[in-house]
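Subject: Handing over the structure

Hi there,

Here is the structure I promised to pass on to you. Please open it alongside this message, and you can follow the notes as you go.

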Amino acid sequence: MPKGYWVSVYRTISDPEKLAAYNKLAGPAVRLGGGRLLVRGGRVVAADAGIAERTVLIEFDSFEQAVAARESAAYQEALVALSDGVERDFRIVEGID
């Protein structure tokens, strides 16, 4: 069964306090949903039309598990804390088996 991944790329962080509040809630929510943090920030090399932005990559055992974790009450609470504190591109993608 192919794994599922959350890919989140932060274009701007306008309120670091909201991001910190989100991180405090999102970490436990992700782990509760079966997610494993693979990348958070760190060095980035951007090529072609890419922009070197903060990137977060989280792995789940399946695409369905990744979707369920995003829809969970615990993660929704984290999103409320984040509100308009960042502008980000968030995707759930299916891996290759």
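Below is what I found, going from the sheet to the helices and then to a few single residues. One thing to keep in mind throughout is that this is a predicted model.

**The sheet**

A good place to begin is the open sheet, which has four strands in the order β2-β3-β1-β4 with antiparallel pairing. Its edges are formed by β2 (36-40) and β4 (86-94), each of which pairs on one side only. On average, neighbouring strands of this sheet are turned by 15° against each other, direction ignored.

If you look at how the strands are joined, β2 and β3 (residues 54-60) run antiparallel and are linked by four bridges. Two pairs to look for here are Arg36, which stands opposite Glu59 in β3, and Leu37, which stands opposite Ile58 in β3. On to the pairing of β3 with β1: these two strands are antiparallel as well, and seven bridges connect them. Within that pairing, Tyr10 has Arg54 of β3 as its bridge partner.

**Helices on the sheet**

Next come the helices. Helix α1 (residues 16-32) lies across β1 (4-13), β3 and β4, and runs at about 170° to β1. Helix α3 (residues 73-82) also packs on the sheet, where it touches β1 and β4, and its direction makes about 155° with that of β4.

**How the helices meet**

How are α1 and α3 oriented to each other? They pack at an angle of about 175°, with their axes 8 Å apart. An angle over 145 degrees counts as roughly antiparallel, so that is how α1 and α3 are described. From α1, the contact is made by Lys18, Leu19, Ala21, Tyr22, Leu25, Ala26 and Ala29, and from α3 by Ala74, Tyr75, Glu77, Ala78, Leu79, Ala81 and Leu82. Sorted by class, this contact of α1 with α3 has 12 nonpolar residues, two charged ones and no polar ones.

The pair α2 and α3 is arranged in another way. Their axes come within 5 Å and cross at roughly 55°, and α2 and α3 are therefore oblique to each other. On the α2 side the contact is made by Ala69, Arg70 and Glu71, and on the α3 side by Ala73, Tyr75, Gln76 and Leu79. By class, the contact of α2 with α3 has four nonpolar, one polar and two charged residues.

**The two sides of α3**

It is worth turning the view to look along α3. Tyr75, Ala78, Leu79 and Leu82 are buried in this helix. These residues lie on the same side of α3 because they cover an arc of only 100° around the axis. On the other side of α3, Ala73 and Val80 are exposed. As for what the buried residues of α3 pack against, the list is β1, α1, α2 (63-71) and β4.

**Two residues with positive phi**

Most residues other than glycine have a negative phi. Two residues here are worth a look on that score.

- Ser83 comes just after α3 and takes a positive phi of about 35°. Its place is in the loop between α3 and β4, and Ser83 is partly exposed, with a relative accessible area of 44%.
- Asp48 is not a glycine either, yet has a positive phi of about 55°. You will find Asp48 in the loop between β2 and β3, where it counts as exposed at 84% relative accessibility.

**A closer look at Arg91**

The last stop is Arg91, which sits in strand β4. Is Arg91 exposed, partly exposed or buried? At 48% relative accessibility, Arg91 counts as partly exposed, because exposed would need over 50%. Leaving aside its neighbours within four places in sequence, Arg91 is in contact with Tyr5, Trp6 and Val7. You can also check its place relative to Leu57: the two residues are 34 apart along the chain, and their C-alpha atoms are separated by 9.9 Å.

That is everything for this handover. Do write back if you would like to go through any of it together.

Best wishes

Notes. Residues are numbered from 1 along each chain as its sequence is written. This is a predicted model: local features need pLDDT of at least 70, side-chain atom pairs count only at pLDDT 80 or more; totals for chains, interfaces and linings use all residues. Side-chain values use heavy atoms; hydrogens and water are left out. Two strands pair if DSSP finds at least two bridges between them. Axes are lines fitted to C-alpha atoms, for helices over the stretch in contact, and angles run from 0 to 180 degrees between N-to-C directions. Contact means heavy atoms within 4.5 Å. Buried means under 20% relative accessible area, exposed over 50%, partly exposed in between (1.4 Å probe, protein chains only). The arc is that of the directions from the helix axis to the C-beta atoms. Angles under 35 degrees count as roughly parallel, over 145 as roughly antiparallel, 65 to 115 as roughly perpendicular and the rest as oblique. Ala, Val, Leu, Ile, Met, Phe, Trp, Tyr, Cys and Pro count as nonpolar, Asp, Glu, Lys and Arg as charged, and the others, Gly among them, as polar.
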